Amino acid sequence: MDRFAHPVNLLLGTDCGCIRQRGPPRGIMVRMRFWRRYLVALALAGTAFAADLRLPVRSRVEAFKGSGVWQEVKLDASLPIPQTAILICDMWDKHWCSGASRRVEALARRMAPVIDQARARGIQIIHAPSETMEFYKDWPQRQSILRIAKIAPPAPLGLTDPPLPIDDSDGGCDTGGSFYKAWTRETAALPTGAADVISDDGTQVYSFLQERGIRNLLVMGVHVNMCVLNRSFAIKQMTNWGIRCVLVRDLTDSMYNPKDRPYVSHDLGTELVVEHIERYWCPSTASIDLMKALADAH
């Protein structure tokens, strides 16, 4: 028998020097115990650093195609923290519609603790206040994303884009007024962390996600029937490029006037758009479920 044929020698590449032993010598047993403990510790450490968000999400299915009957379904999504980011859409400091400005201020107060907890758990935060990049031109969070090499997005998936269930053709303001560019920056109620990034360009955001290996995008902000769906960095485009989006449905709002079709309350109009997104674009979640998932992701 070849003295190197002992199973322990084959495993560890060690010459025990004695082929008559019935088991490995004491020194090798000690080393085996050490490596076993080391590998277990390494596996546990890997688990700790690769925690998943166990997130309940809501979607809608048309079980019988063409029936027009959509049913709510709830699923559990598993989102690895290193592969997940939050995108904050157009939470400006001021809006041309006074009603929208008031609702954004209230929304920011509810949004801030969610963002803080997500950042503390290692979720990447992306601020996307459109048309305000001049304000941020010297910020390190803006400069860091500008240094990312451009990655060409793939061909769009070509998903269908049915019309919205509400009429927002007049701008959707429920307090009167006419359009003007009122915003200069994101609301100061949402602090920017050192590792956050700032961009309003879809290809730039996509390149950043690819460079960081991020596949999942939690989207919050305003307005759900306009910017949250249609910006180059937002749900329609990112979904068409293969990014898995999830709308945080209670941290958004709509530009909808109840005087317009379908003549329902502002809040119900917002919910109708959320349901539309759940049917055709991506699932949604609630901030309370996101906070719980973040707290459990140890």
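This report describes helix 3 and strand 6 in a predicted model.

Helix 3 covers residues 98-120. At 1.5 Å a residue, its 23 residues should span 33 Å, and the end C-alpha atoms are 33 Å apart, so the expected and computed spans agree. The helix nevertheless carries a kink of about 30° at Met111, shortly before the proline Pro113. Just after helix 3, Gly122 takes a positive phi of about 95°.

Met111 is also one of the buried residues of helix 3, which include Val104, Leu107, Ala108, Val114, Ile115 and Ala118. An α-helix has 3.6 residues a turn, so residues three or four places apart point the same way. The buried residues of helix 3 pack against four strands and one helix, namely strand 3 (84-89), strand 4 (124-128), strand 6 (216-222), strand 7 (244-253) and helix 9 (287-296).

Strand 6, one of these packing partners, is mostly covered, with 7 of its 7 residues buried. In a regular strand the side chains alternate between the two faces of the sheet. In strand 6 both faces are covered: Asn216, Leu218, Met220 and Val222 are buried on one side, and Leu217, Val219 and Gly221 on the other.

The pairing of strand 6 is listed below.

| Strands | Sense | Bridges |
|---|---|---|
| strand 3 and strand 6 | parallel | 6 bridges |
| strand 6 and strand 7 | parallel | 6 bridges |

Individual positions can be placed in this pairing. Met220 in strand 6 stands opposite Ile88, while Val219 has Leu247 in strand 7 as its bridge partner.

Key:
Residues are numbered from 1 along each chain as its sequence is written. This is a predicted model: local features need pLDDT of at least 70, side-chain atom pairs count only at pLDDT 80 or more; totals for chains, interfaces and linings use all residues. Side-chain values use heavy atoms; hydrogens and water are left out. Helices (H or I, at least four residues) and strands (E, at least two) are DSSP runs, numbered from the N terminus. The expected span of a helix is 1.5 Å times one less than its number of residues. The bend at a residue is the angle between axes fitted to the seven residues ending there and the seven starting there. Buried means under 20% relative accessible area, exposed over 50%, partly exposed in between (1.4 Å probe, protein chains only). Contact means heavy atoms within 4.5 Å. Two strands pair if DSSP finds at least two bridges between them.
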